[in-house]
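Thanks for coming, everyone. I would like to take a few minutes to walk you through one model, and please keep the picture in view while I talk.

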Amino acid sequence: MKTIFTNCLLYLALVLLTTGCKTLFSSEGSQTKSVLQNFDEAENAFNKIITHKTTVDELKQMGFDLETTPNVKLLTYLDIIERFIPNQSITKADLPLDVLACIESKNGCHAYELTLEVTRSKRYGNLCLDVTGFQRKTHITGWTFKSLIIIRDNLVTYKLRSGQPKVDRLEKRVKPLGPFQDLEGLLGRMPGMI
């Protein structure tokens, strides 16, 4: 048993010496599957959509295949009301005419929300503090693109986009008690503990 432990320590020391601490930090990434590979591509394709002229078939050619593209959400008129009239201070009179027409036609139109996101996160800082849970620093980069497209009679009648062309933020999480910080909640849930 002692030799196994010694061998493990020797192997860990060898890994640290040959790779360096920086490569031992964890990293994550997420990417929405799409033919549009970056924010500029998505924005350029979106800008080619002309309301009351672009058809559903033309949308497919632009990379907005609303039926087969993953991460496209089909919205009902109730979802549209929720997005455009989030509180009582906004009324139907405040809405664009094409959005109002869609709401009033109820099932006569369709709305689609496409969300594209590419993010990468890489931890950095002090490896010992990170592994023990005392302090974790993360650098997050990437981009996000969201679009809302309303279709009526096979034509785009309304379009709206939002997003972040460049995500670049640093996050820092500090737990003064490290791994013991979460024990308080765990002990409170255990039977017989007060």
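I will start with the overall chain, then turn to one helix, and finish with the disulfide.

Please bear in mind throughout that this is a predicted model. The chain has 7 helices and 5 strands, and if you follow it along the sequence you will read the pattern α-β-α-α-β-α-α-β-α-β-β-α. Of its 194 residues, 28% count as buried, while the chain exposes about 13,300 Å², of which carbon and sulfur atoms supply 57%. If we take the contacts in the chain with a separation of 6 or more, residues 24 or more positions apart account for 68% of them.

Now let us look at helix 2, which covers residues 39-47 and whose buried residues are Phe39, Ala42, Glu43, Ala45 and Phe46. Seen down the helix axis, these buried residues fall within an arc of 165°, so they line one face of helix 2. What covers them includes helix 3, at 56-62, together with strand 3, strand 4 and strand 5. At the N-terminal end of helix 2, asparagine 38 acts as the cap, with a side-chain oxygen placed 3.2 Å from the backbone nitrogen of aspartate 40.

That leaves the sulfur chemistry: which cysteines does the disulfide join? The structure holds 1 disulfide, and it joins cysteine 102 to cysteine 109, with an S to S distance of 1.7 Å. Both cysteine 102 and cysteine 109 are buried. The torsion about their S-S bond is about 60°, so the disulfide is right-handed.

Notes
Residues numbered from 1 in each chain as written. Predicted model: local features only at pLDDT ≥ 70, side-chain atom pairs only at ≥ 80, totals over all residues. Heavy atoms only, no water. Disulfide = S-S within 2.5 Å. Buried < 20%, exposed > 50% of the residue type's maximum accessible area, 1.4 Å probe, protein only. Helix = DSSP H or I, 4+ residues; strand = E, 2+ residues; numbered from the N terminus. Arc of directions from axis to C-beta. Contact = heavy atoms within 4.5 Å. Polar contact = N/O pair within 3.5 Å; in protein donor to acceptor, adjacent residues only side chain to side chain. Areas by Shrake-Rupley, 256 points an atom, 1.4 Å probe, with all protein chains shown as cover.
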